[in-house]
Structures are given as structure tokens and as C-alpha cells.
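User: Could you walk me through this structure, one question at a time? I am in my first year, so please explain the terms as we go.

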Amino acid sequence: MKLALSLIVSSIALASGMEPKAKLPNSRADLLRGEKLFQVHCSLCHGPKGEGARGPMLTRVKLTRAPDDAALLKILEDGIRGTEMPGANALSDRELRQTAAYVRSLGKVALKPVPGDVRRGAEIYLGKGGCAACHSVRGEGGVAGPDLSSIGESRSSAFLRESIVNPGAAVPEGFLLVTVVPNGGPRVTGMRVNEDSFSIQLRDAAGRSYSFWKKDLAQIEKERGKSPMPSYQGQLADAELTDLVAYLVSLKESK
Amino acid sequence: MRTWVWLFVPAAMLAQVNVPYERIRDANQEPGSWLTYSRDYSGRRYSPLDQINAGNVSRLHLAWMRQVDETDTFETSPIAVDGTLFITEPPNIVEALDAATGRPLWRYRKELPNDLRLCCGKVNRGLAILGNTLYYASTDAHLIALDARTGVLRWDVTMADYKNGYSGTGAPLAVKDKIITGMAGGEFGVRGFIDGYDAKTGKRIWRFNTIPAKGEPGNETWEGESWKTGSATAWVTGAYDPESNTVYWGTGNPGPDWNGDVRKGDNLYSDSLIALDPDTGAKKWHFQYTPHDVNDWDSTQTPILAEGTVAGEVRKMVVLANRNGFYYALDRLTGKFIAGRPYVKQTWANGLDESGRPMRVPDAEPTVEGKLIWPSLGGGSNWYSSTYSPKTDLYYVNVKEEAGIYHKGDAEYRAGAFFNGGGQRSYKGEDPYGAVRALEVATGRLRWEYKFHRPSHAGLMTTSGGLVFGSNLSSFFALDAQNGNLLWRFETGGGIDANPISYMSQGKQYIVIPAGHALLVFGLD
């Protein structure tokens, strides 16, 4: 049965033009080398220990885009189209596998339990914190801020806590608040959705989309590094913050 | 003219996407929007816009285009509403584009398993919108709901197990508070269904199995246990009549496709039109076009609701040019046959009897050695859109004049594997050709045709500007709807396997066609 299965797996891999190379090295030396490569090539975005920063947290059992080792290798090699994740063209095949083996090992580390009460955190999220006015969870809530449906998979508790007390430090990559003044029209403030030399598209806090030809605009004001999210420093007690973070960490992709 | 355009600019800058059911039902009140797969519920793919018309279409030119990143057949039919164009792209991407500039607003991508079971690529034909939520059926047979403002996932429900050969390819249909969708997988011996889901939660409210189970009426049309693997999938969007509260949805071939020996009987409800109550999924009536099909002549193309005059009496009809080579007009309240006739060469039936049932020619069936039959496996027409213009009262169809040599083979069912029992070889004795044909809606009689060197696989759209837009291979063209004269043509440089749409943005009408790996959008200066 096992033989039959592996034969099927290899024939699928061959049929799709991939070598059957999914098995990752697992010696201590390979993992150490993988860790070193990770520090050099990956930690800038994923954090020194894979805890997540600009890029998603990798210290979890299941990686959404890399359900198996073949998929993980492919992502390391080619990057992910439409995201900031680049392909690691400079790494050899062996180095790619060593890096992949280290990334997999991150998911095997037992995570420290996050303190706080998830249920109370959910109440703060919906009540005192007023978070749902701007953020959505599974389709419910506002659209001004990022969707948080699976934030517990991509961000660590430390990162989340920092974002709540100091939102300016955690403005997502590419996020920009813009105010435009059309010739003879009312000004519009919103998040920049897209821009080129000729036109700019915004979305306001209510989710309305706007598209302007630049020739029709008198002024464009860009508020760099500014988050429209208020700081909750002093607004929430320490224990409340802990509960809110516990709730956010609990938000995982439902399966 | 200049002043007129200027007046529209400020109004078009602001858009809050919100499409309640009433907007789709009353789509004729907003001719500049394209609110559902066929623009409105009638299935006509007719645009009431006339800024681009027979008098100026020769000046039509490319306004903007959107290139897609990944290659597979690009079959999307966009939704255009409130300043935004929503499209699906291969392999499973949804994008929102600003309708005036073409600039992308957001993008959603679904990761797919790598062991999909597909007959025909990771194709997708589009979306439904209801309120501010978009819906599409993914290749791995899930139904997905996205926030139309941001592309954020609202819910994701599994319709069926892709490992058994199920997939999603057709655009769902939003009716009142429900999302109605069929599925694909007719080459894998699945059991077909049409589903109704709660638009808000994704909970399945009803399922209409297109093959009746043991003990249900119609099951006796399948010999033995053959009903369990009989296919009858439902992979193209249906139509809806709000007046009678009826959804019309077509079904595909019985399985195995070419060997009928293992499924003796009529094989209900394969190759049929099903009239359903959208609230409950209850069947009102059915009409089977090809009983005991052995040629893979799916009957899934979008049916068109039109009125036609028969013996001085105006009848509410549901019409379509079937893959089996015959045009049919049915009474859309009762499902009773009104009229039908071949619209391409066919050699398998001696016409239709009074009830619309084909009178089969003896032995015109696949054999082990191969049997020459018209039309080919691709049919007289196929899944892509026909169109009806109320201005000309004509039905337009992109036809294939082509034969096939059908052969029969063994079929053995294994879950998730091809279950075909034969196939088709091409016939070298005559060159196949294609044409756009204009048919009288009540009878199917030919009014005019415009011939093409080769048949093609793409849909048509009519407009109030007196035009028929369509494609042949990589050419996108406009014909005069009155007489079929060619008025405009554009070489897109890529094969076209899609249906056109039209919309208005900032006071300008646009015509849209996916071609090759790009969405092309045409306008006037």
C-alpha cells in the first residue's frame, strides 16, 4: 500500500514536471545550516525566529500556502506572485532544502501559551475597544482596517500588543492615508488603493471606492507613516490588553 | 458632446458597491451596469446601451486592458457595477478593477490542492453579486463569498469532494436571498446537482439532485445502479423569471459519455432544462432535449427567456440552440414543446415529434469502429452565450458546422477518474466551418448568417446600438444585427473562449472581451 502510494506521489510529481524531491534533510548539521540561511535571507521579513513581522509568522504547525514540503520548496524557489515574497534564486537546491527543513522545524517548537482570557478579549474587541468598527472577522465588521480573520496565524502576541498601543509602528507595508482635492469638488480622504502617473484610487472608511484622473485634481496630500487607528495606550487596562491579544491570537483560519 | 461627457464625471467618482436583489430584478433601469452573468435574469446577454452603434462602431478602439498573470483558458464574464469591474482569472483569482481606468483595486487568490480532477483546465466563467458580497464557485468545488469592497473572504463552503471529480466553473446566480449554483465533473461519473445557499451565511438551503435516487420518479430511466454515476452536471449559469418565480437551469451529458450500453433508458434529468422554485429547489417541470445521449451533447448553455408569437398568440417562451443541433422553443410556464428545428447539419434524428422528442435514426450511434455523425462532439453550439435582441426580435447563435467520428469503448467507474466509454475522431472528408446565425425566436427559422473559415468557441452579445458582438478564433468583431454585415473587427492576438459584456463608466460605453490572457476593454473617443 505504502509502495503504491509513493509510486502515485512520484508519478504525480513527474507528471507535473517536478522532480520527486520533496523529502527534506533532517540532520543536525542541515538544520543548523538552514537556520543560518534563514537568518540571512528570511529574517528581515519573517523575524529572527520566524515569529513574524512584515511577513507572516512561521512558528505554526500548518503553513497556509505550503501544506506539504513540495509546496514549501516551490515557494522558497519561486516566491509568491502578487505578494512581497521573492524567490530565492541565489540558493542552491541543497540550501533550499536546508532552509525548508528549518522552516518546518519552526512549526514543531511548542509555543508558549498566550496569557489572557479569549472570551473576555472578544467582548473588549466588540465592546469597549470598538475594533469591529474598522476591522472585520469572518466577514463581519468594518473595512477601514485590515481583516483580522486569521491574524493569529500571521502575527505573534508581542507584535499584536505593540500594534494596539502604538499603531504607527505597525502600519502595514504599502498602507497610505491620502486626501485629494478635486478641481471644484469636495475633498476625499481614504486609504490609497492604487496609483500611477495618471490616476489614483482611494477607499474611504465606509468602504466607498473613488477613482480620480490626476488632471482633474487640484491637490493630493499623503500622510506617510500615519495610521488612522487610535492608540489604546491608557485606554485599555493592562489586563484588558492581555485579554484582547489572547482573542486576536485565537483567530485562525477555520477548517 | 463635450459638455455632456463632462457632466457625468463627478457623479461617477463615488461608488459604494451595493446590489440588492431588486437592482438585479430591475436591471433594465440601469443600462450601464452588468449585474449578473447574462446582465439580467432573462439570459439574453443584451445591453440596452446604444452610444456605440452601427453608425460609429468602425471607430471603436482599445481603451485599456488588464493582463492576467497566469495562463489557462480565460472564460470570465465580468460583473460591472458602481464604478467597478469584477472578474475571475485562472487559476482561481478574483480581481476588482476600476471601470474607468482599469487600475486594480484588490485581488483575492484561493490556493488550490494539486490533485484536482478536471476535464478542461482551471477555467471559471464569473461571479454573482448580492448586496456588497461577491460569490464564485472555485475549481475545487467550494462556494466562496468575498467582501466586494475589499476582497476579504466572508465564507467558504464545500459543495462536494473534488477528489470524486467535482469542480466549480460556472458563475452562480443570486436570486432574492439565495445563491444558486451548479457544478462540473460530467466526465468523471459524478452525480450532478443544483444548490441553493443562504447568501448571508453560506448554509445550504436546498439541493436538487439532477439524477433521481432509487424510489424517486425518473430513477427508472437508469438501468440498475447506473444512476449513481450518471453525471448530468450543471456547469453554466441559468436564467430566472421573477414573474413566475422560476429558475431555469440546464444539465449536461449522462455518464459514461459515449457508451450508453451500461445505462439503458432515457437517463433523466441529463441533457435537460430544469424549472425550479428558487426558494425550495422543488422541480416545477423538466424537458429532456436528448434522451439517452451517447454523443456528449450537454445541454448546459444559458436558456433565454423571450416572448414569441405562435398562430397569432404571444407565448412566454424559454429558447435555446442545443448542442445536439436543434433549436427549441418551450412554453416557459409549462415546459411544453412549442417549436423546434435543426439550426446546423445533423444526421442523428429524423426531426422532433409533437412533444419535441427526437426521432432517432437507427444505428446513428457510436460504434467500436467509429460512426460518422453530424454535429461533432463540440455540438452545433456549446456552453458560450447565444443572445436575443428585443429590438430585432432575433436569436443569435455562434454555430459549428462540423462532423465527428464517434467511437464506443469500455467504461469502468473509479471515483475521480475519467468515465467516458469512448470518444471522437475528427472527420477529414469536409472542412468544418463556423457562422453567426440569426434565427426567428418563435420558430428557429434562419434569417441570415455570417460565415467563418473555421468554427470557434466563444459567445455573442447584442446591444441596443443594433450590433452583435462576437469572436472567431482570435478575432473580435461587430455585426449589423439587422443583416449580419461585418462592421468592425479587431485582431486580439489570443484565442477567445469567452462572452462579451458592455457597461458605462463616466458617461462612456465600453465593450469587454477576455482574449488570450488579457481582458480587453474597447471604447470610442
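User: Which residues touch the most other members of the largest nonpolar core?

Analyst: Happy to help! This is a predicted model, in which local features need pLDDT of at least 70, side-chain atom pairs count only at pLDDT 80 or more, and totals for chains, interfaces and linings use all residues. Residues are numbered from 1 along each chain as its sequence is written, while chains are lettered from A and ligands numbered from 1 in the order in which they are written. A nonpolar core is a set of buried Ala, Val, Leu, Ile, Met, Phe, Trp, Tyr and Cys residues joined through C-beta atoms within 7 Å, and of the 150 residues in the largest one, those that touch the most other members are Phe86(B), Leu127(B), Ile129(B), Tyr135(B), Ala174(B), Met183(B) and Val319(B).

User: Which other core lies apart from it, and how many residues does that core have?

Analyst: Among the members of this other core are Cys131(A), Phe159(A), Leu244(A) and Leu251(A). Core members are buried, meaning that 20 or more other C-beta atoms, placed from the backbone, lie within 10 Å of their own; 12 or fewer means exposed, and in between is partly exposed. The number of residues in this other core is 18.

User: Is Glu30(B) buried, partly exposed or exposed, and why?

Analyst: Glu30(B) sits in the loop between helix 2 (21-25) and strand 2 of chain B. Helices (H or I, at least four residues) and strands (E, at least two) are DSSP runs, numbered from the N terminus. Because 14 other C-beta atoms lie within 10 Å, Glu30(B) is partly exposed.

User: How many residues of strand 6 of chain B are buried?

Analyst: Strand 6 of chain B covers residues 93-98. In a regular strand the side chains alternate between the two faces of the sheet. Here Ile93(B), Glu95(B) and Leu97(B) are buried on one side, and Val94(B), Ala96(B) and Asp98(B) are buried on the other. The count of buried residues is six of six.

User: Which residue of strand 7 of chain B stands opposite Ile93(B)?

Analyst: Two strands pair if DSSP finds at least two bridges between them. Strand 6 of chain B and strand 7 (residues 104-109) of chain B pair in the antiparallel sense over five bridges. Their hairpin has five residues between the strands, with Gly102(B) at a positive phi near 85°. Opposite Ile93(B) stands Arg109(B).

User: And which residue of strand 6 of chain B stands opposite Leu85(B)?

Analyst: Strand 5 (residues 84-89) of chain B and strand 6 of chain B pair in the antiparallel sense over six bridges. The two form a hairpin with three residues between them. Opposite Leu85(B) stands Leu97(B).

User: Which strands are the edge strands of the open sheet 2-33-34-35-36 in chain B?

Analyst: This sheet has five strands, and the pairing is mixed. Strand 35 (residues 475-480) and strand 36 of chain B run antiparallel, joined by five bridges; in this pair, Ser475(B) has Glu491(B) as its bridge partner. The edge strands, each pairing on one side only, are strand 2 (46-47) and strand 36 (486-491).

User: Which element supplies the largest share of the side of chain A that touches chain B?

Analyst: Residues are in contact if their C-beta atoms, placed from the backbone, lie within 7 Å, and 24 residues of chain A are in contact with 26 residues of chain B. Strand 4 (188-195), strand 5 (199-203) and strand 6 (209-213) of chain A each supply at least two residues of this side. The largest share, four residues, comes from strand 6 of chain A.

Definitions and conventions. Two residues are in contact if their C-beta atoms, placed from the backbone, lie within 7 Å.
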